[in-house]
Amino acid sequence: MSLAERALDMQAFFDRKADGYDDVHRSFMGTKTSLTDALPDGTHRILDLGGGTGLELFPLFERFPDAQVTVIDVSEKMLDLLMKRPFANHVQPVFGDFFEVGFGTDYDAVISTSALHHFEPDDKRILWRKVYDCLRPGGLFLNADKISKNRTAEADAFAFYRENKDSGEYPHIDTPLAPSTEVQLLEDTGFHHITVTLTDRDNYRLFRGVK
Ligand SMILES: C[S@@+](CC[C@H](N)C(=O)[O-])C[C@H]1O[C@@H](n2cnc3c(N)ncnc32)[C@H](O)[C@@H]1O
């Protein structure tokens, strides 16, 4: 499945799930709040990749009420719900696939949660380059996302995906990377002061890199 097909798949899946999304994902608020907790004082211009209905933006706007947040998402229905939030006048929604739309420039931080565990390492390399380029010097990349425990589990996830993606049995198959792969990709892109932090979920980590 090509990247474009996978994005269409995501769009269809999240358009379908949008209405019940918050009920399921409220239990992930710990990982979402970890993004806000890791941002430095004074953060103002933020890009959120795959912001969906904007759950992670509740703690964010509590701490940074004047922030300006651009949210890129391929699901119009998720973005529609986001734009009904009380903080919507501080949000610029961008409808489209991460690999297709422009990211803008000069962000203090790029954040993402639960949205980037569907890409091959080589595709992620392209994405991390876009993230790096859109940050101001010293800007922060924070990604709280699902992981595979190690590289064997990562290879197993991709094998399962390849075997089953066309079966119609699974509407959505995750292919998270191992922490060591994520760190390698961040290093290769040029990020420094990279850290990997545990979250309140066993299979989630908060990855941080500085431009
Ligand atoms: C699990 S939701 C996470 C939403 C939100 N960040 C949260 O934590 O509640 C993943 C989001 O990423 C979006 N997404 C997935 N693949 C994408 C892509 N290739 N381009 C843009 N958005 C994408 C989906 O539409 C969905 O809204």
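Here are four exercises with worked solutions on this predicted model. Residues count from 1 along each chain as the sequence is written, and side-chain values rest on heavy atoms, with hydrogens and water left out. Since we're dealing with a prediction, local features need pLDDT of at least 70 and side-chain atom pairs count only at pLDDT 80 or more, while totals for chains, interfaces and linings use all residues.

**Exercise 1. Backbone oddities**

Work out where Asp106 and His193 sit, and whether each is buried or exposed or partly exposed.

Step 1: Start with Asp106, whose phi is near 65 degrees, a positive value in a residue other than glycine. Asp106 belongs to the loop between strand S3 (91–95) and strand S4 (107–113). Helices (H or I, at least four residues) and strands (E, at least two) are DSSP runs, numbered from the N terminus.

Step 2: Check the surface. Buried means under 20% relative accessible area, exposed over 50%, and partly exposed in between, with a 1.4 Å probe and protein chains only. Asp106 has 48%, so it's partly exposed.

Step 3: Now His193, which isn't a glycine either but has a positive phi of about 50 degrees. His193 is in strand S6 (residues 192–198), and at 58% relative accessibility it counts as exposed.

**Exercise 2. Helix H2**

Find which residues of helix H2 (residues 29–38) are buried, and what they pack against.

Step 1: The buried ones in H2 are Thr31, Lys32, Ser34, Leu35 and Thr36.

Step 2: Look for contacts, meaning heavy atoms within 4.5 Å. The buried residues of H2 pack against helix H1 (3–25), helix H3 (57–63), S4, strand S5 (135–146) and strand S7 (204–210).

**Exercise 3. The space inside**

Describe the largest cavity and its lining.

Step 1: Set the rule. On a 1 Å grid over the protein atoms alone, a cavity is a set of points where a 1.4 Å probe fits but cannot get out; lining residues have an atom within 4 Å of a point. Grid points are joined across faces, edges and corners, and a volume is the space filled by probe spheres set on the points.

Step 2: The whole structure yields 1 cavity of 30 Å³ or more, and the largest cavity holds about 360 Å³. Its lining has 27 residues, with Phe14, Gly50, Asp73, Phe98 and Ala115 closest to the centre.

Step 3: H1 gives the most to that lining, with 6 residues. Both H1 and strand S2 (68–73) supply at least two residues each.

**Exercise 4. Rings and charges**

Sort out the aromatic pairs, then find the charges over rings.

Step 1: Rings of Phe, Tyr and Trp (its six-membered ring) pair if their centres lie within 6.5 Å; planes under 30 degrees apart are stacked, over 60 edge-to-face, and the rest tilted. That rule gives 11 aromatic pairs.

Step 2: Phe14 and Tyr21 are edge-to-face, at 6.3 Å centre to centre and 65 degrees between the planes. Phe14 is buried at 19%, and Tyr21 is buried at 13%.

Step 3: Tyr132 and Phe191 are also edge-to-face, at 5.1 Å and 80 degrees. Tyr132 lies in helix H5 (residues 121–134) and Phe191 in the loop between helix H7 (179–189) and S6, so the pair ties together parts 59 residues apart in sequence. Trp128, Tyr132, Phe141 and Phe191 make up one aromatic cluster.

Step 4: A charge sits over a ring if NZ of Lys or CZ of Arg is within 6 Å of the ring centre and within 35 degrees of the ring normal. Arg201 lies over the face of Phe28, 3.7 Å from the ring centre, and the charged end of Lys211 sits over the ring of Tyr132, 5.0 Å from its centre.

Note on methods: 1 Å grid on protein atoms, 1.4 Å probe; cavity = no way out; pocket = protein on both sides within 12 Å on 5 of 7 lines; lining within 4 Å.
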